Amino acid sequence: MNDAKAGGMFLPRDREWQPNALAPDYKSSIKRSPKSKLLSFPTSLSEETSPIFGHDILGEFDHDLIVNYAKQGESAIGPRLLVHGTVRDEMGRPVPNALIEVWQANAGGRYRHKNEGYLAPLDPNFGGCGRVITADDGTYEFRTIQPGPYPWPNGPNSWRPAHIHFSIFGHGFAQRLITQMYFEGDTLIPLCPIVGALGSQDAVDILTAHLDMGRTIPMDMCAYRFDIVLRGAKQTYFENRSEGL
Amino acid sequence: MTEENERLKESPSQTAGPYVHIGCTPNFTGIATYETDLGALMKLGPVTGQEITIEGAIFDGDGAPLLDALVEIWQADANGLFNSANEMRGASDPNFSGWGRCPVDMETGEFRFETVKPGRVPWVDGSLQAPHITMWIVARGINIGLQTRIYFADEVEANLSDPILSQIDDRDRLTSLLANEDENGTHRFDVHLQGPRETVFFDI
Ligand SMILES: [Fe+2]
């Protein structure tokens, strides 16, 4: 029989590549990292299915953080950005209908959140959240402003590089992922203990978006490209479907 | 294998951080950009099967509840069918989403899901798994989402023959995966990230 049935549809996650639960320089991970080894099993339908969201959930400005919290006729302060990319699986197949939710600090590095105490001011026209769903070819894009770096209580003088948080749904719950996008050339990247939880420079590079002059809109906004890869299925759902016919 | 060479690496995970609510449950944190927070309701109308409540909290290595975590669950309906485009075996209950998302209470750390008791779902060899709910936990200090499963303490026979539970020899660890029903019919499922009661986490 085919190995997808014998061993689960999704490729096992490469745990050497992914960050360890414990990254001692990232203080919060010390008391929040399980000590026992994860128990590995092949995926079954419980992880091979997932909620899949329709474009109908999206509001007109969900993809535009520059205006989606702003008063009529106003917009958020900060360098205007287009962020775009393609969501693929490990086999290189585009993933359509992937829900991407993003959140970020404002241009001064301040989040709109009750527990946030950084002295940089809130921007009355910036909420900091947006969402998009990938097109048939796996592509997505959203508009935002350049987030600022910010200090945080980790070591005596810890700073986060500028970043945008991403939450991604694929087609199987096994693919569920939260990560962060960094910006090419940010000198805070190598100093950050959260980035440091990544096991290799290759992993850091994959999370670093590149300036994309080809998509930059003259006299309007710079573009950054950030591609995302989700766990791969050994067979596609289409193949799975035809098997059942 | 040439295919091996062409494989891409999965995007590495990074922590959701303490402000995950802004992106995933903005209404919960006072940002009304979207009409509702996704996953707030799992029952979208009258549902088939036994309606249950699941409550719990997530405890760190000091025994303190996490106050900034986000929990998601994904499960089959009462007949063991998933509300997913990938469900090829039949139509699931249209009034049951199967997916819930809950930020823990910022003062108490409690999460709560109003859902239905899931039916049994096949394992890779076609045998039936015990009723279970997939749980995924993200928070500040968690570098990659933690995956576990909620099983039901009263499903004694199904649990005994379950392909996953039957491979966990340590009785205490096994118990960490069982939700217990209290006198009000609420199923309690606490998660311990460390310590003698550390929950079993999966790599599935
Ligand atoms: Fe952040």
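**Iron site and two positive-phi residues in a predicted model**

Trainee: Is the site of the iron ion irregular or tetrahedral?
Mentor: The angles among its four donor atoms run from 92 to 164°. Four donors count as tetrahedral if all angles lie between 85 and 135 degrees, and as square planar if opposite donors are over 155 degrees apart and all others between 65 and 115; anything else is irregular. The site is therefore irregular.

This is a predicted model, where local features need pLDDT of at least 70 and side-chain atom pairs count only at pLDDT 80 or more. Residues are numbered from 1 along each chain, and side-chain values use heavy atoms, without hydrogens and water.

Trainee: Which residues are the protein donors of the iron ion?
Mentor: Donors are N, O and S atoms within 2.8 Å of the metal (3.2 Å for Na, K and Ca), with water not among the atoms. Here they lie 1.9 to 2.2 Å from the iron ion. Their spacing in sequence is Y-x38-Y-x12-H-x1-H. They are Tyr111(A), Tyr150(A), His163(A) and His165(A).

Trainee: Is Tyr150(A) buried or exposed?
Mentor: Buried means under 20% relative accessible area, exposed over 50%, partly exposed in between (1.4 Å probe, protein chains only). Tyr150(A) has 9%, so it is buried.

Trainee: Where is Met219(A), and what is its phi?
Mentor: Met219(A) sits in the loop between β10 (208–211) and β11 (222–225) of chain A; strands are DSSP runs (E, at least two residues), numbered from the N terminus. At 87% relative accessibility, Met219(A) is exposed. Met219(A) is not a glycine, yet its phi is positive, about 60°.

Definitions and conventions. Chains lettered and ligands numbered in written order. Tetrahedral: all angles 85-135°; square planar, octahedral: opposite > 155°, others 65-115°. Helix = DSSP H or I, 4+ residues; strand = E, 2+ residues; numbered from the N terminus.
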